[in-house]
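Here is a short round of questions and answers on the structure shown below. Each answer sets a value against its criterion.

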Amino acid sequence: MRFARLFATSLLAGVAGGATAADTCAGKFAIDAAELDWSEEQGFRERFAAAAKKVCEWWGPSWTRGFEIGVDRLRGPSMALVPAWRGSRGSMIFRAPTVRRSASAIVHEITHVLAPNANRFLAEGLGVYAQEALGGQPAYPNFARDLHREAAKLAGNADIAALERYATPTRLRSDALDGREAYIVAGSFVRYLIETYGMERFRELYALTPLVVRARDPGDPARWRTVYGKPLAALAEGWRSALGKR
Ligand SMILES: [Zn+2]
């Protein structure tokens, strides 16, 4: 109820001010942050608002129903994709210890709300890439270190074809790569696709695996060839050699 009331207020304010679609996308959020003191909460609000504006302008206003943000006292990862998969798109969880260190993956999580996906490798890859590309604060998994440089250390153990088979909400990690490493590989691979072949082609691929609540389907492996004109194995080879040249 608290969230509904806050949304109604900010929505009216937005309409009265002649808001653009990007404003409507970024401007509606409600934070339940009893764990934070007043100044910590204000700081987080400012960082969230700035991040939401960036993501809405970059990806487009694909979500305009607002963000319901909870900040709890636990350690652990922030969340938005799994809540979306459960049917609560727009719900986000951040962790107070991470918020206090200004190390929350805010851009990453907002990207999940605007652009959720049934393919976990692509969804996480886009989130990690966005956090870097849009200049989000240093956060998990690469903490502002260059994604390609970090991925170059992992590429030998990275089985892209296997990682690409993970459906949301299965956790992205393998025997060879822990969760943090798998996220770095995903972010680097998505960055390679977007920088090499363009955003339009990436969006085309991404749209083939829309998130469906409580369904599990990472997509048809053949779609890579349909979109990029070459199989995933060839794209993975291109990625590996691009990393090797760095
Ligand atoms: Zn994520």
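**Domains, sheet and helix packing**

Q: Into which domains is the chain divided?
A: The chain splits into domain 1 (1-115) and domain 2 (117-246). The model is a predicted one.

Q: How far apart do the C-alpha centres of domain 1 and domain 2 lie?
A: The two centres are 24 Å apart. Domain 1 brings 21 residues to the contact, and domain 2 brings 18 residues.

Q: Which helices each supply at least two residues of the side of domain 1 that touches domain 2?
A: These are α3, α4 (81-86) and α6. By class, this side of domain 1 has 13 nonpolar, six polar and two charged residues.

Q: Why is α3 called oblique to α6?
A: The axes of helix α3 (residues 38-59) and helix α6 (residues 106-114) cross at roughly 45° and come within 9 Å. Angles under 35 degrees would count as roughly parallel, and 65 to 115 as roughly perpendicular. The crossing angle of roughly 45° fits neither class, so α3 is oblique to α6. The crossing of α3 past α6 is right-handed.

Q: Which residues of α3 and α6 meet?
A: From α3 come Arg47, Phe48, Ala51, Ala52, Lys54, Val55, Cys56 and Trp59. From α6 come Ile106, Val107, Ile110, Thr111 and Leu114. Ten of the contact residues are nonpolar, one is polar and two are charged. Arg and Lys count as charged, and Arg47 and Lys54 are among the α3 residues listed.

Q: What makes α6 and α7 oblique to each other?
A: The angle between α6 and helix α7 (residues 120-133) is about 135°, and their axes are 8 Å apart. Roughly antiparallel needs an angle over 145, and roughly perpendicular stops at 115. An angle of about 135° meets neither condition, so α6 and α7 are oblique. Here too the crossing is right-handed, with α6 passing α7.

Q: What residues of α6 and α7 meet, and how do they divide by class?
A: Val107, His108, Thr111 and His112 of α6 meet Ala123, Leu126, Gly127, Val128, Ala130 and Gln131 of α7. This contact has five nonpolar, five polar and no charged residues. Gly counts as polar, and Gly127 is one of the α7 residues here.

Q: Why is α10 called oblique to α11?
A: α10 (179-197) packs with helix α11 (residues 199-206) at an angle of about 130°, with the axes 7 Å apart. The range 65 to 115 is roughly perpendicular, and roughly antiparallel is over 145. About 130° falls in neither, so α10 is oblique to α11.

Q: Which residues of α10 and α11 meet?
A: Leu193, Ile194 and Tyr197 in α10 meet Met199, Arg201 and Phe202 in α11. Five of these residues are nonpolar, none is polar and one is charged.

Q: In what order do the strands form the open sheet?
A: The order is β1-β2-β3, with parallel pairing. β1 (29-32) and β3 (91-95) are at the edges, because each has a single partner strand and one side without a neighbour in the sheet. From one strand to the next, the twist averages 20°.

Q: How do you know that β2 and β3 pair?
A: Pairing needs at least two bridges between two strands. Five bridges join strand β2 (residues 67-72) to β3, so the two strands pair. Ile69 has Met92 of β3 as its bridge partner.

Q: Where are the cis peptide bonds that precede Pro141 and Pro169?
A: One joins Tyr140 and Pro141, with omega about 10°. Pro141 sits in the loop between α7 and α8 (147-152). Another joins Thr168 and Pro169, again with omega about 10°. Pro169 is in the loop between α9 (160-163) and α10.

Q: What makes the phi of Phe143 stand out?
A: Most residues other than glycine have a negative phi. Phe143 is not a glycine, yet its phi is positive, about 45°. Phe143 lies in the loop between α7 and α8.

Terms used
Residues numbered from 1 in each chain as written. Predicted model: local features only at pLDDT ≥ 70, side-chain atom pairs only at ≥ 80, totals over all residues. Axes fitted to C-alpha atoms, helices over the stretch in contact; angles between N-to-C directions. Helix = DSSP H or I, 4+ residues; strand = E, 2+ residues; numbered from the N terminus. Left-handed = near helix turned anticlockwise from the far one by under 90°. Contact = placed C-beta atoms within 7 Å. Domains from an automatic or database assignment.
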